[in-house]
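Please find below a short colleague's note, set out in numbered points, on surface and internal space.

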Amino acid sequence: MTGLLHACVLDGQGGGRVLCELSEIGSVIHKEPLWLHFDYSFEDTTEWLKNQSFLDEWEYQALTADETRPRTVNGNEGLLVFLRGVNLNPKQSPEDMVSLRCFANEKLLITCRKRHIMSAQDMLTQIKKSQGAKSIGELLSTLVMRLSMRMQDIIWQIEEQLDEFEEALENSEQLPNYQQLSVLRRQTIGLKRYLKPQKLAINELLLVKVNWLNEDHLHQLEEANNALSRYIEELEAAIERAQVIQNAITNHQNEQLNQRMYIMSVVAALFLPLGFLTGLLGVNIGGIPGTEWNGAFALFVIMLVVITAGVGVYFKRKGWL
C-alpha cells in the first residue's frame, strides 16, 4: 500500500512491532493497540479509509479533505482530532503549518498527513527503541505535546530577530531591513492564526470523557495547552514589537526626509534674492543700469555676496540655520 507510511502494534511496554504487510493489519485492527500513519494524498489511502466500516462518510471525508482547521469532534466509534504543526521541512516556511488528521479510540490511532511531520517520525523511533508510548491514549497525548513543543524554537527565532532589529534601531548605525521585518510579521501572524484554534481543539479534547484517556494523558494535554497559551502570548507580543519597530523605521525615514527637505528649502531661500536680481538684470531691453561702465559687473557680484551674507545672518538669528 503506497500511502501507508507505517503500521505499528504497541506492546504496552513502550515498544512495538512494525507491520510489513498490509494483510497483517486486518488481523490486529481493533484487537491490539495499533497506530496507522498515512499519506492521504495517495489514492489507495483514500480507498482504504473509505472502505472501513467504523468510519462514517463525513469522518472519511474530514480525514482526507484538502483544507482543515484544528478542532476535536466526537465521532460514532472514536475521536477526530485535527492538529497543526510547524513546517520544518527543507525550503519551507514555518508559518505554512502542516496539517495532521487523527482518528483515535481505545485500540486504534489513525494519523493522516500530506507533508512530512517530524514529531510522528520521532515517536516511531522511540517505539522502536522500546521507549515510546504504551497505549493509544499516551500516543495521542504525546503527539499533541510534541507538536506543541516543536513550535518553541520557531518562536525563539522570531524573538531573537526582533531583538536584533531593536538593537540596530537603538544604535542608529543602520536601520533594520524593512522587507525582512515585513516577512517576520507575516510569519508571526500566520503562526498565531493556527495556534488559537489549536488551543481550542485541545480544550475540546480535554473535555471529552473517554476511558482510554487517563489522568496522566490529560495532564500531558493540559501541559500542551498551557504551552500553546504561552506561545500565543509571545506571538501577540512579537506582533506588537514588530509594529513598534516598523513605526520607528517609518518615523526615522520621515525625519531624515524632512531634514533634507528643510536644508533644500533653506538653500533655495538663500539664493532666492540672487535669482530675482540676476533675472531682472538679464532682461533684454534698454535702460539696464551699468551697461556703459566697466566696473558694473564687479559691483553687482559684490552686492550679491553682501545680500546672500545678510540673508544668512538673518536666518541664523532666527534659528533657521
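Which residues make the nonpolar surface patch of about 620 Å²?

1. Tyr262, Ile263, Val267, Phe271, Tyr314 and Trp320 make this patch, where patch residues have over 30% relative accessible area and no salt bridge, and nonpolar side chains (Val, Leu, Ile, Met, Phe, Trp, Tyr) are joined within 5 Å. This is a predicted model, in which local features need pLDDT of at least 70 and side-chain atom pairs count only at pLDDT 80 or more, while totals for chains, interfaces and linings use all residues. Residues are numbered from 1 along each chain as its sequence is written, and side-chain values use heavy atoms, with hydrogens and water left out.

2. Helix H7 (residues 215-270) supplies the largest share of the nonpolar patch, 3 residues, whereas Phe271 is found in the loop between H7 and helix H8 (272-281). Phe271 has a relative accessible area of 49% and is therefore partly exposed (between 20%, under which a residue is buried, and 50%, over which it is exposed, with a 1.4 Å probe and protein chains only).

3. The largest cavity (a set of points on a 1 Å grid where a 1.4 Å probe fits but cannot get out) holds about 70 Å³ of space. Its lining, made of residues with an atom within 4 Å of a point, includes Val86, His116, Leu147 and Arg150. Helix H4 (118-128) and helix H5 (136-171) are the elements that give two or more residues to that lining, which divides into 6 nonpolar, 3 polar and 1 charged.

4. The second largest pocket (an open set with protein on both sides within 12 Å along at least five of seven lines) holds about 170 Å³ of space. Among its 13 lining residues, Tyr40, Asp66, Glu67, Arg84 and Arg115 lie nearest its centre, and the lining divides into 4 nonpolar, 2 polar and 7 charged.

Notes:
Patch = residues over 30% accessible without salt bridge, like charges linked within 9 Å, V, L, I, M, F, W, Y side chains within 5 Å. Areas by Shrake-Rupley, 256 points an atom, 1.4 Å probe, with all protein chains shown as cover. Salt bridge = Lys/Arg side-chain N within 4 Å of Asp/Glu carboxyl O. Helix = DSSP H or I, 4+ residues; strand = E, 2+ residues; numbered from the N terminus. Points joined across faces, edges and corners; volume = space filled by probe spheres on them. Nonpolar A, V, L, I, M, F, W, Y, C, P; charged D, E, K, R; others polar.
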